[in-house]
Amino acid sequence: MLSCQNVRVQFGGITALDGVTFDVAKGEIVGLIGPNGAGKTTMFNCISRLYPVHGGDILFEGRSLLAEPPHRIATLGISRTFQNVALFDTLTVADNVILGAHGHAHAHAKRRFFGEAFRLASALRAERALADEAAELMAELGLESVAQRTARDLPFGTRKRIELARALAARPRLLMLDEPVAGLNHAEIDELTGFIRGLKGRRGLTVLLVEHHMNMVMGVSDKVVVLDFGRRIADGPPAAVKNDPEVIRAYLGTAS
Amino acid sequence: MVAGAFDRGIAGAQRDGVARRALSVATVVAIVAACAIPLWGSPYQVFQMTLVVIDAIALLGLNLLTGYGGQISLGHGAFFGVGAYTTAVLIHSWNVPYLLTLPCAGLVCLALGFVFGLPAVRLDGLHLALATFALGVVLPQVLKYKGIEAWTGGVQGISLEKPAVPFGLPLSPDQWLYCVALAVAAGLFALARNVMRGATGRVIVGVRDSPVAASSVGIDTALTKAATFGVSAMLTGIAGALSALVVQFVGPDSFTIFLSISLLVGIVVGGLASISGAVFGALFIQFVPNLADDVSKAAPSAVYGVVLIVSVYLMPYGVSGLLRKAKARAFAWIDARHSRSVTSQPTKPTKQGS
Ligand SMILES: Nc1ncnc2c1ncn2[C@@H]1O[C@H](COP(=O)(O)OP(=O)(O)OP(=O)(O)O)[C@@H](O)[C@H]1O
Ligand SMILES: [Mg+2]
């Protein structure tokens, strides 16, 4: 479904990605791991078209993403969360989640401009439908009680769930999560891990997961890709990757 | 205080609904009354209030861009000027009916704002401010340009006649223009409020809050910003068009960079990202300079400056921010009284947010 081929990215003198190749098959949960600065987030930003790619290609369902502008990526079926949580801070939780569906409801959004200006029934109905869909997602992620609160005012763990709800609102086929459990407590980690595992069965989603929490990644992933200094050093089932000598060397001295 | 909002019972919610409805009815009555008062004023007062209504439209436009969209424009006076000139030229050179010139001015500014905005919105805050500043500085020079003097009247500008009062209405031309401006403003404010409450408002604010997240959910951020720029310029341009009718004159020096700066002052004092803020801002920029003149003939700018600093210091979120806070206090007070009265009866605690 997703195929990264020889992807190369440079920032000035630094080569952040040095010919990285890996595939993500439909329905899989793939873990993307590696020490700090390995290039994991950079890979996400390439797929999101936020960073320029200097070499190689990224194919999604057979189509090169490099020809697409960033705002088309969601419409093609790829959603993501951010390592440092990027929410619409002054909007309510409900509005954050509703905006998540923008790529999906795009055609309507443009037509709704005039409909809403004159408060036509059709526009109000469309708005109601979006709100209902968002309400369902918020219920699933335990956000109902804060639906009308401003995103900025909420604690970190809640903000992470808002971001996940927003990403799911686009009804993606590929969901990219950048460190979804970082900064969460034990109970929250268990809950979210269960949720991510559940996504696979229920929604038939494909998930690409960046995470430093080893037990979590090894536990949920069907396959793990390891990066180190912008190079792919391993790619395989969690059990094999865990015992790979090169992976152990890369992680030596760093917490794992 | 927040927990109180969640713990309200059904009776409380009903009572709250009544309080809210009473407040909004009172607001509407107050607005209608306030709008009618100038009709009994002196011709000069009517003229002044018409300018307030016009400024409110201009500020609504700028607030869309700067308050909601987060893009600073230091040159919106230019769109005000282009709107005014469009109306003046259409009436003077082509005898176009004056009411028809208003949408024309709006469309011209919409196109101009969009075309200017498309490249400009890729600039970051400070550079965008500079680019718009340049626009504001350049316009008076362009208006004086010899090549288009046949239409613009060059440095002389264009004088217009007062439009006649239609249908034999018992109004003076000034009163009629006040009504026209008020009707246009009412329509534009209602449209802006509806749009900003719905999908479009969400998109504009989303792009301001986090461009990266906005593009990740499928929003074309550059297009959104340029479109916001266009609509903002359109509203400010329509205000300019109305001002040409009311002032009956347009000249290159009516639209200097000082106008752009006052518009910016208006939205900050009135309240950023607030529809009602435009009205308060308009009252400020119309009356405070005159007031300053009355206080000190010698140094009116100094008085104006002091009033400005004090207002920004006392009301960091503008007049509308202050009112919002007062309203929240009032509701909290109602809630507190209500919860005191129910604690005497045995009630089941309601679940948060249910
Ligand atoms: N916008 C940027 N400008 C310059 N250098 C960058 C930029 N983004 C990333 N880099 C560099 O690219 C390399 C890879 O960074 P990246 O953020 O992808 O690492 P990561 O694997 O996500 O690390 P972490 O686990 O700490 O999040 C680092 O050396 C980083 O400094
Ligand atoms: Mg990272």
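## A:Asn6 and A:Glu179: positive phi

A:Asn6 sits in strand E1 of chain A, which covers residues 2-11. This is a predicted model. The phi angle of A:Asn6 is near 55°, a positive value in a residue other than glycine. Most residues other than glycine have a negative phi. A:Asn6 has a relative accessible area of 49%. That value makes A:Asn6 partly exposed, because exposed means over 50%.

A:Glu179 also has a phi near 55°, again positive in a residue other than glycine. A:Glu179 lies in a loop of chain A, between strand E7 (174-178) and helix H7 (186-203). Is A:Glu179 buried or exposed? A:Glu179 is buried, at 8% relative accessibility.

## The magnesium site

Which protein atoms serve as donors to the magnesium ion (ligand 2)? They are OG1 of A:Thr41 and OE1 of A:Gln83. These donors lie 1.9 to 2.1 Å from the ion. The pair brings together distant parts of the chain, 42 residues apart. A:Thr41 belongs to helix H1 (residues 40-47) of chain A. A:Gln83 comes from the loop between strand E6 (78-80) and helix H3 (93-100) of chain A.

Both donor residues keep some accessible area. A:Thr41 is partly exposed, with a relative accessible area of 25%. A:Gln83 is partly exposed too, at 36% relative accessibility.

## Helix H3 of chain A and its packing

H3(A) is mostly covered. Of its 8 residues, 7 are buried. These buried residues are A:Val93, A:Ala94, A:Asn96, A:Val97, A:Ile98, A:Leu99 and A:Gly100. What do they pack against? Within chain A, the partners are helix H5 (121-140) and helix H6 (156-169). Chain B contributes helix H9 (199-209).

A:Met138 gives a residue-level view from helix H5 of chain A. A:Met138 is buried, at 5% relative accessibility. Leaving aside neighbours within four places in sequence, A:Met138 is in contact with residues including A:Val93, A:Ala94 and A:Val97. Those three are among the buried residues of H3(A). The other contacts of A:Met138 under that rule are A:Leu143, A:Glu144 and A:Ala147. A:Arg161 is 23 residues from A:Met138 along the chain. The C-alpha atoms of A:Met138 and A:Arg161 are separated by 8.8 Å.

## Chain A overall

Chain A has 10 helices and 10 strands. Its radius of gyration is 19 Å, close to the 18 Å that the globule rule gives for 256 residues, so chain A is as compact as a globular protein of that length. Along the principal axes, its C-alpha atoms fill a box of roughly 65 × 40 × 35 Å. Buried residues make up 52% of chain A. Of the chain A contacts with a separation of 6 or more, 66% involve residues 24 or more positions apart.

The surface that chain A exposes is about 11300 Å². Carbon and sulfur atoms supply 52% of that area. Chain A carries 30 positive and 28 negative side chains. The centres of the two sets lie 5 Å apart.

## Chain B overall

Chain B has 15 helices and 2 strands. What is its radius of gyration? Chain B has 23 Å, which agrees with the value near 20 Å for a compact globule of 354 residues. The C-alpha atoms of chain B fill a box of roughly 80 × 55 × 45 Å along the principal axes. Buried residues account for 45% of chain B. Of the chain B contacts between residues at least 6 apart in sequence, 79% join residues at least 24 apart.

The accessible surface of chain B is about 17500 Å². Carbon and sulfur atoms hold 70% of it. Chain B has 22 positive and 13 negative charges, with mean positions 15 Å apart.

## B:Gly266 in helix H12

B:Gly266 lies in helix H12 (residues 257-270) of chain B. B:Gly266 is buried, at 0% relative accessibility. Which residues does B:Gly266 touch, not counting residues up to four places away in sequence? They are B:Leu59, B:Gly281 and B:Ile285. B:Pro252 is 14 residues from B:Gly266 in sequence. In space, the two are 22 Å apart, C-alpha to C-alpha.

Conventions:
Residues are numbered from 1 along each chain as its sequence is written. Chains are lettered from A and ligands numbered from 1 in the order in which they are written. Side-chain values use heavy atoms; hydrogens and water are left out. Donors are N, O and S atoms within 2.8 Å of the metal (3.2 Å for Na, K and Ca); water is not among the atoms, so sites may look incomplete. Helices (H or I, at least four residues) and strands (E, at least two) are DSSP runs, numbered from the N terminus. Buried means under 20% relative accessible area, exposed over 50%, partly exposed in between (1.4 Å probe, protein chains only). The radius of gyration is taken over C-alpha atoms; the globule rule is 2.2 Å times the number of residues to the power 0.38. Contact means heavy atoms within 4.5 Å. Accessible areas come from the Shrake-Rupley method with a 1.4 Å probe; for residues, only the protein chains shown count as cover. Lys and Arg count as positive and Asp and Glu as negative; His and the chain ends are not counted. The place of a charge is taken as NZ of Lys, CZ of Arg, CG of Asp or CD of Glu.
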